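User: Could you take me through the salt bridges here, one pair at a time? I am new to this, so please go slowly.

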Amino acid sequence: MAAAAMAHEKLWTEKSTMDAAEKAYHEYMSKINSVPSQCTLASEISKARQHIKNSLERMDGIAALAASPGAELLDRLSSVEKENEKLRSIIDGLNNLVIDLHERVRSLESGSGKSAAPAKPAAAATKPAALAKKAEAEDDDDDVDLFGSEDEDEDKAAAELREKRLAEYAAKKSKKPALIAKSNVILDIKPWDDETDMKVMEQEVRKISADGLLLGAAKLVPLAYGIHKLQMSCVIEDDKISVDWLQEEIEKIEDYVQSVDIAAFNKI
């Protein structure tokens with residue numbers, strides 16, 4: 001029964017036809033698969049050719065730029081050429097001026113040679129007379145001291161003038177008043193308590209007097225708890241009055257003064 005079924009099948013009877021069809025099918029499929037690769041390879045080749053062409057064009061452009069000078073270089077060359085032309089014109093003018101001066105000098109030399117030629121005998125005639133006068137003058141000057149007396153007189157005059165100027169300078173300097181070093185001192189004079197009579201304390205302080213001491217203005221400055229201090233300014237001469245001495249003299253007023261402090265000290 002199986003053999004009968006196989007007898008009705010055409011697959012085995014036409015096997016060669018099927019093999020040919022399968023071969024044709026596989027060839028067809030291989031051709032279809034090879035076409036994209038060929039197309040891709042051709043496109044890559046064309047791209048490479050285009051890239052090479054572009055590179056060559058760029059190289060040609062670079063060579064052309066290198067061969068042709070820039071605008072800045074051309075401007076510099078033109079300016080240099082103009083300066084050369086100006087220098088040439090100046091040099092030509094100087095050459096012409098030198099030539100003119102040379103011609104003038106030659107003409108002057110030729111004219112002076114002609115005029116000086118007849119004057120030579122006269123000069124020769126006057127030469128012995130000049131020599132004789134010179135010899136007589138030397139004989140007359142042998143007995144005269146030309147340098148000794150005049151130099152001595154000049155030295156004496158210069159010494160007298162110098163001494164006179166020194167004396168005038170010393171007199172002028174002695175008339176100038178000497179600078180006196182002075183100081184401005186502000187004192188803080190503190191009382192014992194708030195019951196101290198500040199007016200009487202100020203009167204007692206102003207009784208202090210000495211050469212080189214000048215007591216100035218005074219005012220009351222509040223401290224605390226109703227207590228005020230007497231702030232007094234004075235001017236002292238540094239060479240005559242010391243600040244320590246002044247403090248001690250004020251502190252001697254023991255009935256009114258507790259202490260004395262220096263609030264400010266400035267040189268005048």
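Analyst: Here is a friendly walk through some of the charged pairs. Please keep in mind that this is a predicted model.

Some background helps to begin with: side chains of opposite charge can pair when their charged atoms come close. In this structure there are eight salt bridges.

Let's start with lysine 229 and aspartate 188, whose closest N and O atoms are 3.1 Å apart in a salt bridge. Lysine 229 belongs to strand S3 (residues 227-237), while aspartate 188 belongs to strand S1 (residues 182-191), so this pair ties together parts that are 41 residues apart in sequence. Where do the two partners sit, buried or exposed? Both lysine 229 and aspartate 188 are buried.

Next comes the pair of lysine 240 and glutamate 237, a salt bridge with 3.4 Å between the closest N and O atoms. Lysine 240 has a relative accessibility of 47%, so lysine 240 counts as partly exposed. Glutamate 237, on the other hand, counts as buried because its relative accessibility is 16%, and buried means under 20%. This pair also has company: salt bridges that share partners join Asp211, Glu237 and Lys240 into one network.

Finally, look at glutamate 249 and lysine 252, whose side chains meet in a salt bridge at 3.1 Å, N to O. Why does lysine 252 count as exposed? Its relative accessibility is 56%, and exposed means over 50%, so lysine 252 falls in that group.

Note on methods. Residues are numbered from 1 along each chain as its sequence is written. This is a predicted model: local features need pLDDT of at least 70, side-chain atom pairs count only at pLDDT 80 or more; totals for chains, interfaces and linings use all residues. Side-chain values use heavy atoms; hydrogens and water are left out. A salt bridge is a side-chain nitrogen of Lys or Arg within 4 Å of a carboxyl oxygen of Asp or Glu. Helices (H or I, at least four residues) and strands (E, at least two) are DSSP runs, numbered from the N terminus. Buried means under 20% relative accessible area, exposed over 50%, partly exposed in between (1.4 Å probe, protein chains only).
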